[in-house]
Structures are given as C-alpha cells and as structure tokens.
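Here are a few exercises to try with the structure open beside you. Have a go at each before reading its solution.

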Amino acid sequence: MIQSSLLGGLITAAAVQAVQPGAVKPVAAPMRDLTWGQINFLHTTDTHSWVSGHFLEPSFSADWGDYVSFSQHMRKLADDKGADLLLIDTGDRIEGSGIYDSSTPKGLYQYDIFAQQKIDILSTGNHELYKAYSIDMEHNTTVPNFKENYVASNLDYIDPKSGKRVPQAQRYRKFKTKNLGLNIVSFGFIFDFDLNANNSVVQKVADTVKEEWFQDAIKEKPDLFVVVGHVGVRMEEFKTIFTAIRKEDWDTPIAFFGGHLHIRDAVSYDSKSLAIASGRYLETIGWMSIDGIAKKHPKDGDKDGDKDGDNTGEVEIKKGPSFTRKYMDNNLLGMYYHTGLNETTFPTKEGQKVSKMIEEARKSLNLGHRYGCAPRDLWMTRAPYPSKDSIFSWLEEDVLPDIVANKDRKDKPRLAIVNTGGVRFDIFKGPFTRDDTFTVSPFNSGFQFVPDVPYDIAKRVLGILNSETRIFVDGLPNTRQLTIPQLMYPRPTFESVDEIETVDDVDQDADETEARLELRGVDASDGNDNLFGGYTTKDDIGKDGDDTVHEPIDFYAVPNCVQAKIGFSAEEEPKTVDFVFLDFLQPWIIPALKFSGGDYNAKDIEPYMDGTLTSKLAEWIGDNWKEECQ
Ligand SMILES: *[C@@H]1O[C@H](CO)[C@@H](O)[C@H](O)[C@H]1NC(C)=O
Ligand SMILES: *[C@@H]1O[C@H](CO)[C@@H](O)[C@H](O)[C@H]1NC(C)=O
Ligand SMILES: *[C@@H]1O[C@H](CO)[C@@H](O)[C@H](O)[C@H]1NC(C)=O
C-alpha cells in the first residue's frame, strides 16, 4: 500500500490565459506532487483529436501546444536530475472533435498538429482502423511522422497497389535511454478488435505472443520492458502479454500503458510491473515513474555515472523496482505547478507554435461558429437515465421526435433507436458551437429503417439490445460494443496472475469491478467543501492517483440503446411501425428482429432520411436553442 495522499501544495490562480482564445480560465486546486524515478513517463491515450483542449471545463482547458511546452520542461528536469523521460501515446488519436471530423478530407490539420509532439513510443487504436482512409493515413502519414517510435506488434496493413500484407509499423522497438542508457524493449498492441476495415489485419494477441519474433524479443534481457497498447489494463489481452513475458523472464520490470476504456486506472500485475490507463479526450496526462531498476550491463552508456549518488546501476540491485503513478489534469496551472514555472516562463516557442496552428485550423474550419445556446447542462453519466438532465432522455424526448422524419412516410408511427455509444460527450449550459456537434456526435452515422414491422416484433428489439451479453441470440454481435467505452468491459478484475486460482475467483470480483468502472465517484476530499468537482480515482494502488484534489462526481450507468416512440402515444399499440435506427446498429438489428419473430434480412433495410445524427443535431439546436447566452 502506498502512503496516503500527501498534498504537495496549492496552485494559485494568477492572471492565467488558457492558450486557445475563448476557452475558460483554469481553476486552482490543492495539488499532489509527482514522484520522479530513474525513468519517468508522460502518457496520453484516447485523445480523439481534442488537441484544442476543453473550452468550457476549467480543469482541462490546456491545449496540445501547452502539452508540448510542458513536456519540453519535463525533459529538461529529467536531464537535470540525470533521469530519463519518455512520452507515450496509445491510440484513438482521431474521431471525436471538430478538428479531425469537420475537415475534408478528415484530419487535414489534425495529423500535423499531433505530430508536433515528440512521442517516444506510440501505437494504434480501434478508431484509426474503422475506415480504410484512416488506416491509409496511419500508414502514409503518422508512421512516417514518428518513424521508429511507432510500434505495431499485432497489426498489418494491406498495400492498395500490390495487395501485399506488411506490418503497419515495426513489430517492436529496442533502444537505449538518453541519460541512464537503460536498455528498453517495447511493444505496441491493439486489443482483439474485429470491426476494422479490410486494408488492415489485427492478429489476436494470444497468437502474436507465439510468434517467433516476439519469443525472441522477450529473451533480450533488457533493463525494462515497456508494453504500450490500446487495451484496457484489466482486459485479457494485457494479461496474455504479461504471462508470456513472465514465462520467459521472471524479473525484468515491465511498464504497461493502456487505454480504450476512457478511464483512469492502475493495476499491479506483480511486484515488478505496473499498468496504467490515462483517461480520454486530453483530460488526463498520465505519469509513471520507476526507480530501483537493476541495470544488467552497468557500464553500458551510463552518462549518469552515479555522480548524483542515486545508486543507479552499479551496486544496489537487491531492493527491486518501485513504481509510482499520477493522473494529471490537463490544466495549465497544474503544469506550472509541476514545472515550477509561471505564465511568463512556461510557454516555449515550439508550444506556442502548436497553439497557433490549432487556432488557425479552428478558424479555417469555423469551429467556433455558434449554433445556439444550451439552456442547461445535459449529462451522459453524471445524471441518471432517464431524467431531465440526461442527454439520452433529451435525445429520446425532444430531439429524435423532431428529426426522425421522412415526408413520404410522415403518417407512419415509428420507433427510432440510437446506441448510447454514438454519443460521446456532455453538453454544457452556454454556447453550443460547430465543434460541439462533433464532440457530442463524432460519427458519420445516418438513419436507416425497415418499413412496416409488426409492433409486437419491433417493440422487443430494444430489450434484446439492452440485455446482458450472455443472452444467446443467433448471429447477434456482442451488445457491449453499443454502449459508451466506460461500460464496455465489466470484465473480471485482473488480480495479480498468481492470485487467480480458478474461474470462480474471477467471477466473485466482477461486481466490485463493475461498481468502480468510472473511477470518479470515490471520496478523496476529506470533507473539504471548497473543492472543484472532478476525477477522484481509486485504483489498485490507492486513492492518491489524481494530481489534483477534487470533489467527487457522480456516475450513473446507461443502457446500450435508447428508443423514441414517434407518431403514436404511450398508451397506443400501433399495428405496424417503421423501425428506424442509426447505421452503426445494422449488424445487430436483423438478428434481433429475427429473434423477436420477424423474418427480415439485409434486403429489407432502406435509407430513411438524408443527413447524419450530427448534422441533424446541429439543425435542431439552431432551430430550438435560439436564445442568446447570458
Ligand atoms: C495517404 O492515404 C490517403 C487515403 O488513401 C490519401 O488520401 C493520401 O493522399 C495519402 N497521403 C500520402 C502522403 O500518400
Ligand atoms: C476491401 O473491400 C473493398 C470493397 O468491398 C474492395 O473493393 C477491396 O478490394 C477490398 N480490399 C481488400 C484488400 O480486400
Ligand atoms: C515568473 O517567474 C520569473 C522567474 O522566477 C519571475 O521573474 C517573474 O516575476 C514571474 N512572473 C510572474 C507573473 O509571476
């Protein structure tokens, strides 16, 4: 057990300007200090192109340029300490914010802005793989931008011209750190994803670890393994990699960096390893430090030479590695705090250049254009569903009945189904911009329908889509893929591998895991009333992971899908309905209708209307939220 929260100090709110014009000012809060080790890491994941930062959330309003400045200062601090610092990114860099989604072609500015950060090890997420286009862009743009730092252990690319299958990037990366000369062997994985476009091939992790190159790589006896991956830290895939490495090498420390589930989390697989997940949407910059690494070849390139007396390498190798982790809010004041700088001394030339690139891209894309003014906050998980503050209730009751319309079939009663995972962010009271349409609804999904479905059959589909994965419906893909990432994997707790004896052990832990999925709702505030609401993470190490002390925020679960009844009243039971659904749901709809007694197939599906959920949402807001913001 790590010592309880030691508060490092209080950052104060000087006259600070968040770099993107129009963003709210950061808030001050009590802070916890970072612990430095021999090797230290900054980790981003699931940034989903939020390079502009959060305009309406004071805890997260720094932008990618501020992160560039921050990392430059942190590298300097590492140099001064004779320590090392590596930057990691674990994928889902695209889709989710206007700077990627609103340009033609997509990512016109995003790829270049992202590449301004010097990242030492990066891997691919599922969002880079849904479309042939974004797979090509990884291959011909992101991989060349990051060269040997991009690692693709279980991902191949199919060349459009030759049809040849090649690794998307190198399988693993072996290198020596700058200051201590530590030998690192690193891997870059993606979970066993199967909805990828056909110009890519994802190899199952369990098969990859059997490959000869992998078996050779884990025999390298480096000073440290670094496994990065677009994988939840409690998912089976990381456990498989951990077990495979440990079979070959029982004592080299392993640092895991994961993501995908949009949460802050840390798991200790054994005493010589730690896995962290660093949230989402550029809300979180993860930190890991490792000390007590025993260098296997002490003379080998050690610039430190132990002049700082930290016993690196030469002698003390008995005590074993120690790990720390922190989840930093993407808050400019926090960045000042951790670097000991201020508004004058913090921004670097390179950081300011990136902030300028973002500002100009936003102007070109007109992302600040205001569609309307949100009259109240609408929450994905901070308000119960159904309720007046739930974004899903608002969609069901206010938006879908207005937008789901086809003039040739306007007299037909209809059911309209949307999956909750199709909505990706809250709406805050205040200005609602073009950018916000993409953060709330980043996907390109339009509406399709099956005409004239008997109501008795149609009304059963929602229940099937919202049921547990365990329900057996022939041909129905896993329904967990329909919901928001935080709820996708209520998977077994990943205890240290040797603690898991039987399958029963795993199941008994499942409830506890489920209850703290969002990891935001645990009180760490010691009853202090003056705190700002935010992440209050509890992970396997303790409650002191967040760098900023916050008031906890509530988390409510949501169903996989919600449904609007349109053109008939709640008491009525029409004979037939037009069964309307978001494109994304198509693979689930036919099996669910079949299971309900409807003999339909893909030929029965037709487009229902023009426009996407995103474009229709923008129109609706323009029509309905015309009031000026106060
Ligand atoms: C990369 O691939 C995309 C999608 O096929 C294409 O539009 C783009 O021109 C390519 N870029 C380069 C530099 O080849
Ligand atoms: C992928 O699918 C598209 C459309 O069905 C097809 O044109 C293309 O040849 C396929 N590519 C590969 C590599 O199989
Ligand atoms: C920032 O720090 C520098 C160097 O310590 C100091 O000279 C300057 O007055 C500080 N500026 C502000 C606004 O606090």
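**Exercise 1.** Find the bridge partner of Asn-419 in β21, then place β21 in its sheet.

*Solution.* Start with the bridge: Asn-419 partners Cys-561. This is a predicted model in which local features need pLDDT of at least 70, side-chain atom pairs count only at pLDDT 80 or more, and totals for chains, interfaces and linings use all residues. Residues are numbered from 1 along each chain as its sequence is written, chains are lettered from A and ligands numbered from 1 in the order written, and side-chain values use heavy atoms, leaving out hydrogens and water.

Next, step back to the strands (DSSP E runs of at least two residues, numbered from the N terminus, as are helices, H or I runs of at least four). β18 (residues 414–419) pairs antiparallel with β21 over 6 bridges; pairing takes at least two DSSP bridges.

Now read off the open sheet: β21-β18-β22-β20-β23, with mixed pairing. β21 (561–566) and β23 (606–612) are at the edges with a single partner strand each, so each has one side without a neighbour in the sheet.

**Exercise 2.** Which residues does Glu-350 touch, leaving aside those up to four places away in sequence?

*Solution.* First locate Glu-350: helix α9 (residues 349–364). Then list its contacts (heavy atoms within 4.5 Å): Val-68 and Gln-72. Finally, check the side chains: Glu-350 and Gln-72 make a polar contact at 3.2 Å (N or O atoms within 3.5 Å, one able to donate a hydrogen and the other to accept it within protein; residues adjacent in sequence count only if both atoms are side-chain atoms).
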